[in-house]
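The following account is intended for a reader who has not met this structure before. It considers the interior of the model and then some features of its backbone.

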Amino acid sequence: MIMNKKMMIGVVAGVILNLGFLLGGVQSIRFELQSGHTKCIAEDIKADSMTVGKYSVVNPNDGYPIPDSHKVTVRVTSAYGNNYHYADHVDSGQFAFPAAEAGDYMACFWVVYHKPPLTLTIDLDWKTGVAAKDWSNVAKKGQVDVMELELKKLYDTVTSIHEEMFYLRGREEEMQELNQATNSRMAWLSFLSLFVCLSVAGLQLWHLKNFFERKKLL
């Protein structure tokens, strides 16, 4: 019976943790970047969420130092243009910061132009929310057992889901207010267009009537 309860707790923990990691956000991608070009990766992050990222340029020659031609410039900025990370002429690096404002954060990679042109391959691992927390360090510092660590994960995950729901609700209310404002403006614009059309039609009738009266056709 105790084993069944533990198994049930493990299953529930796994489901909630998976949901939390999906809500928190994990973006691990590999992309190509041509010399002389810039490529940006966006991540929607809510305010007060922790975010960590690691990036590295794939060495085209395994076993040898990475050439200077494969060094990149990296900048991470918020939706309002605030700079959170900058590195120049590097082949790898990492960043970590709590998001002060909600919105799309951009990680932009740029490499100088080479002749002949080069194509770099870059690995980026970007985590936010619960996924960005280092649980191994939590276990070491707190000296907790497996069950207590799982409960800590569950608590942080549920808290993250709860905050995410309020965040999504707030975004939904903003979109509804924007839609209502847009519909209201469109209604007023329609009435104004109708008034202008009727006014122009009335002026045209008045002008034609005066024209025919002057010509003594009426």
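The paragraphs below describe a nonpolar core and three backbone features.

This is a predicted model, in which local features need pLDDT of at least 70, side-chain atom pairs count only at pLDDT 80 or more, and totals for chains, interfaces and linings use all residues. Residues are numbered from 1 along each chain as its sequence is written, and side-chain values use heavy atoms, with hydrogens and water left out.

The largest nonpolar core (a set of buried Ala, Val, Leu, Ile, Met, Phe, Trp, Tyr and Cys residues joined through side-chain atoms within 4.5 Å; buried means under 20% relative accessible area, with a 1.4 Å probe and protein chains only) has 23 residues. Those that touch the most other members are Tyr55, Val72, Phe109, Ile122, Leu124 and Trp126. At least two residues of this core come from each of strand 1 (26-34), strand 2, strand 3, strand 4 (72-77), strand 5, strand 6 (92-98), strand 7 and strand 8. Strands are DSSP runs of E, at least two residues long, numbered from the N terminus. Strand 8 gives the most, with four residues.

The backbone comes next. Most residues other than glycine have a negative phi, and most peptide bonds are trans. Asp48, in the loop between strand 2 (38-45) and strand 3 (50-57), has a positive phi of about 65°. Asp48 is exposed (over 50%), with a relative accessible area of 69%. His89 belongs to strand 5 (residues 83-90) and has a positive phi of about 60°. With a relative accessible area of 44%, His89 is partly exposed, a term for values between the buried and exposed cut-offs.

A cis peptide bond, with omega about 5°, joins Lys115 and Pro116. Pro116 is located in the loop between strand 7 (103-110) and strand 8 (119-128).
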